[in-house]
Amino acid sequence: MTRVNRTLVAAAAAIGMSTGAVALIPTVMNPASSAVAPTVSEADLTSMFNAAQGEFGRGNATAGLSKLRTLLAANPRDTDALALQALWSDYCADRKATQAALASLDNLDRTLAQRVRNSISAIDAGVRIGPDPVPRYYPQTTGIVVLGAGLRPDGAPTDETASRLFAAWTQAIVAYQSPIIISAGGSHQGRTEATVMRDWLVAHALPATRIHLETRAQSLPQHASLTAETVRGLRVREVVLVTSPDEIRRAASDFLIAGVPVVGATTSTRNLVTNAAPPSKVNQKSFYLDATQVVGIPAQRGGVAPRAFIAPAA
């Protein structure tokens, strides 16, 4: 027997002498080394992913990243986990971890890696788009997007929806060539919120032919991604957003992540002063949560919940 064979036999004998629970753990050989490591089941990986997303959903970015590191140690090829790691490391101002996650993601899914890079840039740009109640002129290649804020029990617009409609109306008067896109997913007794909003604008002398409806959105990320489809269909190059001052920066980020250029923001005057300053990084958690949804990362795995959004942004 050669020396190499004697060594292999001795190693096999040593492994065979293992006792207790350790001997029952299935193992895989790491091709990069001679170490023997326990396998992790798909159910375990799903549980790790859901636990990390749960922490992010509760606003615990540090805890979520810790759980992601455990997951990625077991499965370094999990592209959704790498995308989450890059995004939330950026939120935590950990540039080194962000770049490392993106580098790994580049090797596995370059398209997703680029979406994450675009999302990080979009958040930074969206934060700089502050509330502005002054309407401005835009050409017909710039759309006016107004977001709904619900209906009252009697089917009339809420005070916030009415404020946004007035802001959209003044913007539409000044930018008289711009198409108007209403994104609102509510309904009341068979009438959609978007239809009620359109009727309000038409009653105030805006032609119905200028107004286009998006009636499926139930959340801000959905407003962005679903309205993006309408924007592309109208061949609109860019949009000015109409919403409330406390939502405008987050909305701008979401639309930018969805691939819709945002050139301005027309808002109501409600809470204008208190929202004049950009939010600090620690107050941008909702921006990052939205980004994961617009990008198309699942909120949970294992059939517990559907993907966090309808489809990834193009």
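This is a short selection tour of a predicted model, moving from a central strand pairing to a helix pair.

**Stop 1: strand β8.** Select residues 238–243, which form β8. This strand is mostly covered, with five of its six residues buried. Now add residues 142–147, strand β3. β3 and β8 run parallel and are joined by five bridges. To find the register, pick V146 and look across to β8: V242 stands opposite.

**Stop 2: strand β9.** Add residues 262–267, strand β9. β9 pairs with β8 over five bridges, also in the parallel sense. Pick V240 here; its bridge partner in β9 is G264. Then trace the chain from β8 to β9: the path goes through helix α10, residues 248–257. This β-α-β crossover is right-handed.

**Stop 3: helix α10.** Keep α10 selected and color it by burial. Eight of its ten residues are buried, so to speak of the helix as mostly covered is fair. The buried set is I248, R249, A251, A252, S253, D254, F255 and I257. What do these buried residues pack against? Show α6 (110–127), β3, α9, β8, β9 and α11 (285–295): the buried residues of α10 pack against them. Just past the helix, select G259, which follows α10 and has a positive phi, near 90 degrees.

**Stop 4: H223 in α9.** Select helix α9, residues 220–233, and pick out H223 within the helix. Is H223 buried or exposed? Its relative accessible area is 9%, which is under the 20% cut-off, so H223 counts as buried. Now show what surrounds the residue. Leaving aside neighbours within four places in sequence, H223 is in contact with L147, G148, S183, A184, A217 and F255. Two of these link back to earlier stops: L147 falls in the β3 range, 142–147, and F255 is one of the buried residues of α10.

**Stop 5: helices α2 and α3.** Move to residues 42–57, helix α2, and residues 61–74, helix α3. Their axes come within 7 Å and cross at roughly 165 degrees. Angles over 145 degrees count as roughly antiparallel, and α2 and α3 are therefore roughly antiparallel to each other. The crossing of α2 past α3 is left-handed. Finish by showing side chains at the interface. From α2, display L45, M48, F49, A51, A52, E55 and F56. They meet A61, A63, G64, L65, K67, L68, T70, L71 and A74 in α3.

Conventions
Residues numbered from 1 in each chain as written. Predicted model: local features only at pLDDT ≥ 70, side-chain atom pairs only at ≥ 80, totals over all residues. Heavy atoms only, no water. Buried < 20%, exposed > 50% of the residue type's maximum accessible area, 1.4 Å probe, protein only. Helix = DSSP H or I, 4+ residues; strand = E, 2+ residues; numbered from the N terminus. Pairing = 2+ DSSP bridges. Right-handed = clockwise from strand over helix to strand, strands pointing away. Contact = heavy atoms within 4.5 Å. Axes fitted to C-alpha atoms, helices over the stretch in contact; angles between N-to-C directions. Parallel < 35°, antiparallel > 145°, perpendicular 65-115°, else oblique. Left-handed = near helix turned anticlockwise from the far one by under 90°.
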